[in-house]
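Welcome! Let's take a look at the charged side chains of this structure and see how they pair up.

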Amino acid sequence: MSSPSTETGPLTRLRQRFRDSAFVYTTLIVGAALWLFPLITMVRKSVSAGGFGNYVTVLTNTYNGVNLIRAFGNSLVIAAITTVLTCGIGALAAYAFSKIAFAGRETVYHLTLLTLAVPAVAIIVPVYWITGNLGLFNSPFGVALPEVVLTLPFAVLMLRNYADGIPHELVEAALIDGAGHRKIFRHVFLPLARPALINLGALCVVWSVQDFIFPSMLLNSSNATTAAQAVQTIKAAFGPTPTQTSQYFAALMLLAVPAIVIVVLGLKYITQGITAGGVKE
């Protein structure tokens, strides 16, 4: 009859740890393969006829009035406006909800979170009407403002969760020393919330660059076309020949590059932001 110590001995624990590690790594490898397969297929098709010169061709030519470099620029301008406004307003709101006690704070906070359930298609008509009255058609601000409105509830949720993890004693000590909330926000809260803000900024850029609904509705000039619009706009310009098909895949690959680069560069902070607020002291 085996003793209980034999069942839970070092060798048994080592085998269990190996099985757990093998399962985790197998799952990660399979997931990575599934994610990389379409990317590798796209790269292979983009150089199958014409080679890497296809990338130079699609960057230097204009298709249906759309230049990819200009489309990239338009997307980056809109993304920059969206990111600055979302991070700025979201940080102010998160600080207020987390560190300032005022009547109805939790009620206002939960009402803000309820707007997370509002989809973009639900506000298309009012956004179109308001944009027209403000004269913001074919303007980066016309697209950026509704993106900010839809992203702000998530920003408030994420940044407040992070702010709740910042010791309140730091704020109290600053108040005792005579600092106001404006100085505390600038010199205490913002430096400590930098990982969460970088994470939010990376997500805002990715979501803005990939947004198709608002640019398609509010931008009708080829000079204002964004990268997401360009995917559909330039499709008709390419014929069925092998060379043109490869050039189209090269264009699609270039349009996907910004999102991939941003996610890779901000992966460390995105991981930190996902776990922000998960553990409370």
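## A first pair

Arg 105 and Glu 106 form a salt bridge, with 3.4 Å between their closest N and O atoms. The term salt bridge is used here for a side-chain nitrogen of Lys or Arg within 4 Å of a carboxyl oxygen of Asp or Glu. In general, side chains of opposite charge can pair when their charged atoms come close.

This is a predicted model, where local features need pLDDT of at least 70 and side-chain atom pairs count only at pLDDT 80 or more, while totals for chains, interfaces and linings use all residues. Residues are numbered from 1 along each chain as its sequence is written, and side-chain values use heavy atoms, leaving out hydrogens and water.

## Across two helices

Glu 106 also meets Arg 160 in a salt bridge, at 2.9 Å from N to O. This pair links distant parts of the chain, 54 residues apart: Glu 106 sits in helix H5 (residues 105–114) and Arg 160 in helix H7 (residues 140–164). Helices are DSSP runs of H or I with at least four residues, numbered from the N terminus.

How accessible is Arg 160? Its relative accessibility is 8%, so Arg 160 counts as buried. Glu 106 is partly exposed, at 33% relative accessible area. Buried means under 20% relative accessible area, exposed over 50%, and partly exposed in between (1.4 Å probe, protein chains only).

## Completing the network

Arg 160 forms a salt bridge with Asp 164 too (3.6 Å, N to O). These two residues are four apart in helix H7, so about one helical turn separates them. Asp 164 is partly exposed, with a relative accessible area of 29%.

Together, Arg 105, Glu 106, Arg 160 and Asp 164 are linked in a network of salt bridges. A search of the whole structure finds three salt bridges.
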